[in-house]
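Biologist: Before we discuss any detail, please put the sequence and the structure on the screen.

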Amino acid sequence: MKNRNTTEGIRVTRIKIISQEAAKKMGKPVGSYITLEADGVLEEEDGIKEKTAKAVAGELGQLLRVDYTLKVLVAGLGNSLVTPESSG
């Protein structure tokens with residue numbers, strides 16, 4: 001299952017792999033994968049950092065409502081100039 005939408009300039013893609021067959025095809029373990037993409041973070045366009053932070057918090061909040069013992073990995077990837085300190 002794949003779901004992609006855009007909110008306030010943030011692209012959100014959700015993929016849920018629910019079977020071993022699908023996991024094999026995707027080359028990833030069974031699980032839920034959420035990707036957020038935002039342009040203009042370095043340039044700080046239109047408050048994009050704040051919008052991105054709210055989008056990440058919203059996605060994590062939805063996951064934690066389902067299972068508060070859930071193990072979550074958050075990784076910031078992409079532009080080598082964006083460091084954890086600069087992205088908030």
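Biologist: How many helices and strands does the chain have, and in what order do the elements run?

Modeller: With helices (H or I, at least four residues) and strands (E, at least two) taken as DSSP runs numbered from the N terminus, the secondary structure comes to three helices and three strands. From the N terminus on, the order is β-β-α-β-α-α.

Biologist: Where in the chain is confidence lowest?

Modeller: This is a predicted model, in which local features need pLDDT of at least 70 and side-chain atom pairs count only at pLDDT 80 or more, whereas totals for chains, interfaces and linings use all residues. Residues are numbered from 1 along each chain as its sequence is written, and side-chain values use heavy atoms, with hydrogens and water left out. On pLDDT, the predictor's confidence in each residue from 0 to 100, the chain averages 77. Confidence is highest in helix H1 (residues 20-26), at a mean of 94, and lowest, at 48, in helix H3 (residues 84-87).

Biologist: Which residues make up the largest nonpolar core?

Modeller: Such a core is a set of buried (under 20% relative accessible area, 1.4 Å probe, protein chains only) Ala, Val, Leu, Ile, Met, Phe, Trp, Tyr and Cys residues joined through side-chain atoms within 4.5 Å. Of the 88 residues of the chain, 12% count as buried. The largest core has five residues, namely Ile10, Val12, Val41, Ile48 and Ala55.

Biologist: Which elements each supply at least two residues of this core?

Modeller: The core includes Ile10, Val12, Ile48 and Ala55. The elements that each supply at least two of its residues are strand E2 (10-17) and helix H2 (48-66).

Note on methods
Buried means under 20% relative accessible area, exposed over 50%, partly exposed in between (1.4 Å probe, protein chains only).
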